[in-house]
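Here are some notes for a colleague at the bench, to be read with the sequence and the structure open. They are set out as numbered points, beginning with the aromatic rings and moving on to the interior.

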Amino acid sequence: MEMAQERIRECLIKLTQSLVDIPTENNPPNGYERDGQNYVKALLEGMGLAVEEFSPLSVPRFSTNAAFLHDRNYEGRDDILGIWKGKGGGKSLLLTGHMDVAPKEPLPWTVCEPYRSVVKNGKIYGRGTSDMKGGLACALTAIRTLRDSGFIPKGDIIFESVVDEEYAGSAGTIASRLLGYNADFGIVLEPTGLMICPACVGGLILKITATGIAGMPYTGEEIDNPAYYLADIINLIREWDRNRTARMVRPTLWEKTPQTPQIVITKAKAGEVGPHGQLSTPADAWIEMVIQTYPGDDVDAVVADFSNFILGKFAKPDRLHIEREYHYCRPAAPHIATPAIGLLSQMAKAHTDKAVVCGAMFSCDLYAFEEYGKMPAVIFGPVGEMLHGPDEYVDI
């Protein structure tokens, strides 16, 4: 038994590293999942599963469907599914995750290069180890182990690797749901730290642009430098966040989580980025940020409250423009009753004390399972840290 477990462990590590070492970055409007998807397709075919492959473009009336972002290129970006047919009389299960990863930036990485993974101190380092190739590798390893043991499920087991989840995409997941690849229960293999999350927060992306006057103040004229505005805007963002947090009520599922919904400033820019670009004050400056929301929050009211606060307190509101970017990655809360969550919790608690049922503190495509697939699902995945950052890792 110990030898078998060690063999499974080594296979899991090797598979995770193999997936991580294939760069599958999402860089809108393009994505580069193809090589990773082909690798998974070959694995599924080697295990004898029936394989399905399709693009979000194959969804009927894709070009007019509001569920999708239409400024993205989906050519060569296919979902890959492996279907293990059951013998009948049981429930079906979907194990799902995304192949695309966040860009390798910010740099530098110190433990390894982003796509040259290493194993160190019980962790696998590299871009996508935690978010979320470690979860994909867990599902593939579980399926292969069960098939090798001679196990035959009663219900179908579907493995799914989708494209375009990052940057509030969800295209691959939505396409699969709309095309009918659904099950009685779904497990999204994002890194929850082994917590079981039937709900997650939403993610709203805003861009705040401040305009100024380009030039150099060398001949007596007054130059309005928007770079100075960034500090004022950031301080106002933090003030609004403190006010919002003070009046926020945590839903029951989030009572055990360590955080309330966060504001994350992802970019702050003034001036050109080229080494020999402009030689003057910038014409504009901008900030990109994410505001997390609970299920039930009115996103339009959140945007209005934020905008009114910032514009009402900024010294030159006519110089600011606040706009939404991408899709609103909607929060998710369970509405379809299922005993599967309790069963999963019971099974997981036999192996770890981390398996509490709670809301997840990140946004993902969980909302799409009920909204488009009419099926219940949870997020349940490994321990990992530094998602989207240098030295991302998953705990073995």
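**Notes on rings, cores and one buried serine**

1. Ring pairs link Phe-62, Phe-68 and Tyr-74 into a cluster, and since this is a predicted model, that arrangement should be read as a computed one. In total, the structure holds nine aromatic pairs.

2. One of these pairs is formed by Tyr-229 and Phe-314, whose ring centres are 5.4 Å apart and whose planes stand at 90 degrees, so the pair is edge-to-face, the label used for planes over 60 degrees apart. The two partners come from distant parts of the chain, 85 residues apart: Tyr-229 belongs to helix H5 (residues 227–246), whereas Phe-314 lies in the loop between helix H6 (299–313) and strand S14 (320–329).

3. Are the two partners, Tyr-229 and Phe-314, buried or exposed? Tyr-229 has a relative accessibility of 8% and therefore counts as buried, the cut-off being under 20%. Phe-314 is buried as well, with a relative accessible area of 6%.

4. Two further rings carry a charged group over them. The charged end of Arg-147 sits over the ring of Trp-84, 5.0 Å from the ring centre, while Lys-207 lies over the face of Trp-286, at 4.5 Å from the centre of that ring.

5. The largest nonpolar core has 32 residues, and those touching the most other members are Phe-68, Ile-174, Cys-200, Leu-366, Tyr-367, Phe-369 and Ile-379. Two or more residues each are given to this core by strand S4 (79–84), helix H4 (171–178), strand S10 (196–200), strand S15 (357–360), helix H8 (367–373) and strand S16 (377–379). Of these elements, H8 gives the most, with four residues.

6. Phe-68 deserves a second look, as a member of both the ring cluster and the largest core. Leaving aside residues up to four places away in sequence, Phe-68 touches Pro-56, Val-59, Phe-62, Ala-171, Ile-174, Ala-175, Leu-178 and His-327. Apart from the largest core lies another, of 30 residues, which includes Leu-43, Met-47, Ile-143 and Phe-185. In soluble globular proteins, nonpolar side chains tend to be buried together.

7. Where is Ser-130 found, and which residues does Ser-130 touch? Ser-130 is found in helix H3 (residues 129–149), and at 0% relative accessibility this serine counts as buried. When residues up to four places away in sequence are not counted, Ser-130 touches Pro-191, Gly-384, Glu-385, Leu-387, Glu-392, Tyr-393 and Val-394.

Conventions: Residues numbered from 1 in each chain as written. Predicted model: local features only at pLDDT ≥ 70, side-chain atom pairs only at ≥ 80, totals over all residues. Heavy atoms only, no water. Phe/Tyr/Trp six-rings, centres within 6.5 Å; stacked < 30°, edge-to-face > 60°. Buried < 20%, exposed > 50% of the residue type's maximum accessible area, 1.4 Å probe, protein only. Lys NZ or Arg CZ within 6 Å of the ring centre and 35° of its normal. Core = buried A, V, L, I, M, F, W, Y, C linked by side-chain atoms within 4.5 Å. Contact = heavy atoms within 4.5 Å.
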